[in-house]
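User: I would like to learn how to read a few features of a protein model, starting with charged side chains and ending with cysteines. Could you take them one at a time, with the general idea before the particular case?

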Amino acid sequence: MPHVPLRIGVVGAGGICKSAHLPGFAKLPDCQVVAVCNRSVESSLKVAEAFGIPEVHKDWKKLVARPDLNVILVGTWPYLHKDVTLAALKAGKHVLCESRMALNAAHAHTMLKAAKEAKKKHGLVSMLCPPPTGFRGDYVMKDLVASGFLGTPFQLYVRQMGGGLADPHAPLYWRQQLKYQGLNALTLGMLNEPVERWFGATTRVLAMTHIFTKKRPLAAGSAKLGSVE
C-alpha cells in the first residue's frame with residue numbers, strides 16, 4: 001500500500017491541542033496541519049500564526065468537507081464531538097477525537113457504530129485520544145497483571161478527590177456546564193480509563209451527588225451568574 005502523507009484539519013484548538021497535539025504533529029515527517037477552525041476567527045488566527053497553519057476556516061463543516069484533507073482532529077468541547085466525527089467519517093476522513101468522548105452515552109454509541117462501519121467499508125481509522133493518566137508504567141502494569149504477579153483481583157475501587165471546586169467564588173468553567181461537557185465523570189473517568197486497560201471493563205458504578213455551590217460567576221468576568229445544574 002502506498003504511503004499517504006497526513007494532511008490534517010483541526011476543529012477546535014484548545015489547551016490540549018496547543019500543548020500536545022499540534023507540537024506533536026510538527027515533529028512527525030510527512031505530516032502537515034493544513035487548516036484550523038476554532039471557536040472564533042480571532043482565536044483561529046492566533047493558533048494558525050503560532051503553529052504555522054496556512055489556512056483558517058470560520059465554518060468547521062467547510063473544513064471537514066475539504067477534499068485535500070485526510071485526517072480530522074476533533075478538539076472541541078464534548079458537545080460537538082459527535083457531529084464533527086460523523087461529518088468527518090462521511091467525508092472519508094480518518095478521525096482523532098479528543099476525550100471525553102461525547103456529550104452522553106447515546107452520542108458515544110452513535111460515534112462507535114459509525115466508526116466501525118467506516119473502518120469496514122472504507123478502511124478509515126477512528127481513535128479516541130486517551131488521557132495521559134497511566135501512560136508512565138502502562139506496560140509494566142500490564143506485565144504484572146498478565147504474569148499473575150498481582151494474584152487474582154476480586155475487587156478494585158477507583159476513587160478521586162480534589163479541591164478544584166471548593167472555592168464558591170471560583171468562576172464557572174465550561175466543564176461544569178452540562179450543555180458543553182455533558183454527563184462525564186471528569187477526572188474520575190481519566191483515572192478509570194487506564195484501570196480498565198489493565199483489569200477490564202467496569203462492572204458496577206455507585207454515585208452520590210450534591211451541588212453545594214449552585215451559582216458561580218462566569219469566567220469572562222460577567223456580572224451574570226451561571227448555573228451548574
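User: Where do R197 and E193 lie, and how many residues apart are they?

Analyst: In this predicted model, R197 and E193 both belong to helix α8 (residues 186-199), where they are four residues apart, about one turn of the helix. They form a salt bridge whose closest N and O atoms are 2.4 Å apart. R197 is partly exposed, with a relative accessible area of 27%, and E193 also counts as partly exposed, at 25%.

User: Which residues are joined into one network by salt bridges that share partners?

Analyst: Salt bridges that share partners join R7, E55, R66 and D68 into one network. Within it, R66 forms a salt bridge with D68, the closest N and O atoms being 2.7 Å apart. As to exposure, R66 is buried, with a relative accessible area of 10%, whereas D68 counts as partly exposed at 29%.

User: Which residue forms a salt bridge with K142, and how many salt bridges does the count come to?

Analyst: K142 forms a salt bridge with D138, and the closest N and O atoms are 3.3 Å apart. Both residues lie in helix α6, four residues apart, about one turn of the helix. K142 counts as partly exposed at 32% relative accessibility, while D138 counts as buried at 9%. The count comes to seven salt bridges.

User: Let us turn to the strands. In which sense do β1 and β2 run, and how many bridges join them?

Analyst: To read a strand pairing, one asks for the bridges between two strands and for the sense in which the strands run. Strand β1 (residues 6-11) and strand β2 (residues 31-37) run parallel and are joined by six bridges. To place one of these contacts, take R7, whose bridge partner in β2 is Q32. Between the two strands the chain passes through helix α1 (residues 15-26), and this β-α-β crossover is right-handed.

User: What does β1 pair with over four bridges?

Analyst: β1 pairs with strand β4 (residues 71-74) in the parallel sense, over four bridges. Here V10 can serve as the reference residue, and its bridge partner in β4 is L73.

User: Which residues form a nonpolar patch on the surface?

Analyst: For a surface patch, one looks at which side chains take part and at the accessible area that they have together. F149, L150, L156 and F199 form a nonpolar patch on the surface, with about 410 Å² of accessible area together. One of them, L150, has its place in the loop between α6 (138-147) and α7 (178-181), and L150 is partly exposed, with a relative accessible area of 42%.

User: Finally, how many disulfides does the count come to, and why is the sulfur of C17 not bonded to that of C129?

Analyst: A disulfide is a covalent bond between the sulfur atoms of two cysteines. The count here comes to zero disulfides. The sulfur of C17 has its closest cysteine sulfur in C129, and no bond is assigned because the distance of 8.6 Å is too far for one; the cut-off that this step needs is 2.5 Å. Seen from C129, the closest cysteine sulfur is that of C17, again at 8.6 Å and too far for a bond. Both cysteines can also be read for exposure: C17 is buried, with a relative accessible area of 0%, and C129 is buried, with a relative accessible area of 13%.

Methods: Residues numbered from 1 in each chain as written. Predicted model: local features only at pLDDT ≥ 70, side-chain atom pairs only at ≥ 80, totals over all residues. Heavy atoms only, no water. Pairing = 2+ DSSP bridges. Right-handed = clockwise from strand over helix to strand, strands pointing away. Patch = residues over 30% accessible without salt bridge, like charges linked within 9 Å, V, L, I, M, F, W, Y side chains within 5 Å. Areas by Shrake-Rupley, 256 points an atom, 1.4 Å probe, with all protein chains shown as cover. Salt bridge = Lys/Arg side-chain N within 4 Å of Asp/Glu carboxyl O. Buried < 20%, exposed > 50% of the residue type's maximum accessible area, 1.4 Å probe, protein only.
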